[in-house]
Structure formats: C-alpha cells, structure tokens
Amino acid sequence: MSEIVVTPTAKAKPRVERPKLYKVILLNDDYTPRDFVVSVLRGVFRMGEAEAERVMLTAHMRGVCVVAVYTRDVAETKATEATDAGRHHGYPLRFSTEPEE
Ligand code: NFA
C-alpha cells in the first residue's frame, strides 16, 4: 500500500470578532448629594472610595465623566441600575451610554 503524506503549506488564520465597547458616562446635576453619587459608583461599578470620589468630582466640575467601559449589554444594564438607584431616592442622577470611537 502506498502512502502520500501531504504537509500543509498555508495556515488559516483564525479571526475572532472583538465586541464593540460602550462607555458609561456620569452626568452632573445640582441636586444629588456627593456622598450618594460615590455610594452608587462603589456599589454598581465596584469602585474603591478614592476612585469613586475622583469620578464624582470630575463630573461635578466638568459636567460629565466616563465611569467605565463594557460590552453594550453590561454598559446599558449598569447605567440603568445606577440611574434607577437615584430615582428611587428622588434624585435626578443620570448615567448614559455611548459607543467608543
Ligand atoms: N453636583 C452635585 C452636588 O453638588 C454632586 C454630583 C456629582 C451629582 C456628580 C451628580 C454627579 N451635590
């Protein structure tokens, strides 16, 4: 019996899609207490005290601050959860999402 061994010459490069990422953005307002914003950032976005303070103060001073970047589902879920936390306490606190460039 004859045997022919064929050695592959070209290798197919496996291509994987990278999911598009979305920013969660904290918007400043005049009514939500600073401590409440910090507690939401810590609870929903798992931030430490120092990081949460920095993000809260940046939004307070500049109007907006990027909180974190996630896949679309996670970004939208967390933005909604964080916005709802404010609403349940009667605050106008808002988090939005937008696609990364
Ligand atoms: N500007 C709010 C205040 O002075 C604090 C705040 C910061 C609200 C960031 C929303 C976002 N109490």
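Analyst: A salt bridge is a side-chain nitrogen of Lys or Arg within 4 Å of a carboxyl oxygen of Asp or Glu. This is a predicted model, in which local features need pLDDT of at least 70 and side-chain atom pairs count only at pLDDT 80 or more, while totals for chains, interfaces and linings use all residues. Residues are numbered from 1 along each chain as its sequence is written, and side-chain values use heavy atoms, with hydrogens and water left out.

User: What makes the contact between E101 and K23 a salt bridge?

Analyst: The N to O distance is 3.1 Å. The limit is 4 Å, so the pair qualifies. The partners sit 78 residues apart, E101 in the segment after β3 and K23 in strand β1. Strands (E, at least two residues) and helices (H or I, at least four) are DSSP runs, numbered from the N terminus.

User: Why can such side chains pair at all?

Analyst: Side chains of opposite charge can pair when their charged atoms come close.

User: Is K23 buried or exposed, and why?

Analyst: K23 has a relative accessible area of 13%. Buried means under 20%, exposed over 50%, partly exposed in between (1.4 Å probe, protein chains only). So K23 is buried. Its partner E101 reaches 83% and therefore counts as exposed.

User: How many salt bridges does the rule give?

Analyst: The count is six. Among them is R42 with E49, where the closest N and O atoms are 2.7 Å apart. R42 at 36% is partly exposed, and E49 at 40% is partly exposed too. Another joins E51 and R54 at 3.3 Å.

User: Where do E51 and R54 lie?

Analyst: Both are in helix α2, three residues apart, about one turn of the helix. E51 has a relative accessible area of 35%, so it is partly exposed. R54 has 42% and is also partly exposed. Elsewhere, salt bridges that share partners join K23, E98 and E101 into one network.

User: How do you know which strands are the edge strands of the sheet?

Analyst: The open sheet has three strands in the order β2-β1-β3, with antiparallel pairing. Strands β2 and β3 (94-99) each pair on one side only, and that makes them the edges. Neighbouring strands are turned by 30° against each other on average, direction ignored.

User: What makes β1 and β2 a pair?

Analyst: Two strands pair if DSSP finds at least two bridges between them. Seven bridges join β1 (residues 21-27) to β2, so the test is met. K23 stands opposite V69 in β2, and L26 has C65 as its bridge partner. On the other side, β1 and β3 pair in the antiparallel sense over six bridges, so they pass as well. L27 stands opposite R94 in β3.

User: Why is β1 called largely enclosed?

Analyst: Five of the seven residues of β1 are buried, so the rest of the structure largely encloses it.

User: Which residues does T58 touch?

Analyst: Contact means heavy atoms within 4.5 Å. T58 touches G63, V64 and C65, not counting residues up to four places away in sequence. T58 is found in helix α2. At 18% it falls under the limit and so counts as buried.

User: What makes L21, V66 and V69 a nonpolar patch?

Analyst: Patches take residues with over 30% relative accessible area and no salt bridge; nonpolar side chains (Val, Leu, Ile, Met, Phe, Trp, Tyr) are joined within 5 Å, like charges within 9 Å. V69 shows 34%, so it clears the 30% threshold while counting as partly exposed. V69 lies in strand β2 (residues 64-71). Together the three residues have about 200 Å² of accessible area, from the Shrake-Rupley method with a 1.4 Å probe, where only the protein chains shown count as cover for residues.

User: What is the sign of phi at R46?

Analyst: R46 has a positive phi of about 55° although it is not a glycine. Most residues other than glycine have a negative phi. R46 is in the loop between α1 (34-45) and α2. At 67% it counts as exposed.

User: Why is H88 called exposed or buried?

Analyst: H88 has 67% relative accessibility, so it is exposed. H88 is found in helix α3 (residues 72-88). Its C-alpha atom is separated by 22 Å from that of V64, 24 residues apart along the chain.

Definitions and conventions
Axes fitted to C-alpha atoms, helices over the stretch in contact; angles between N-to-C directions.
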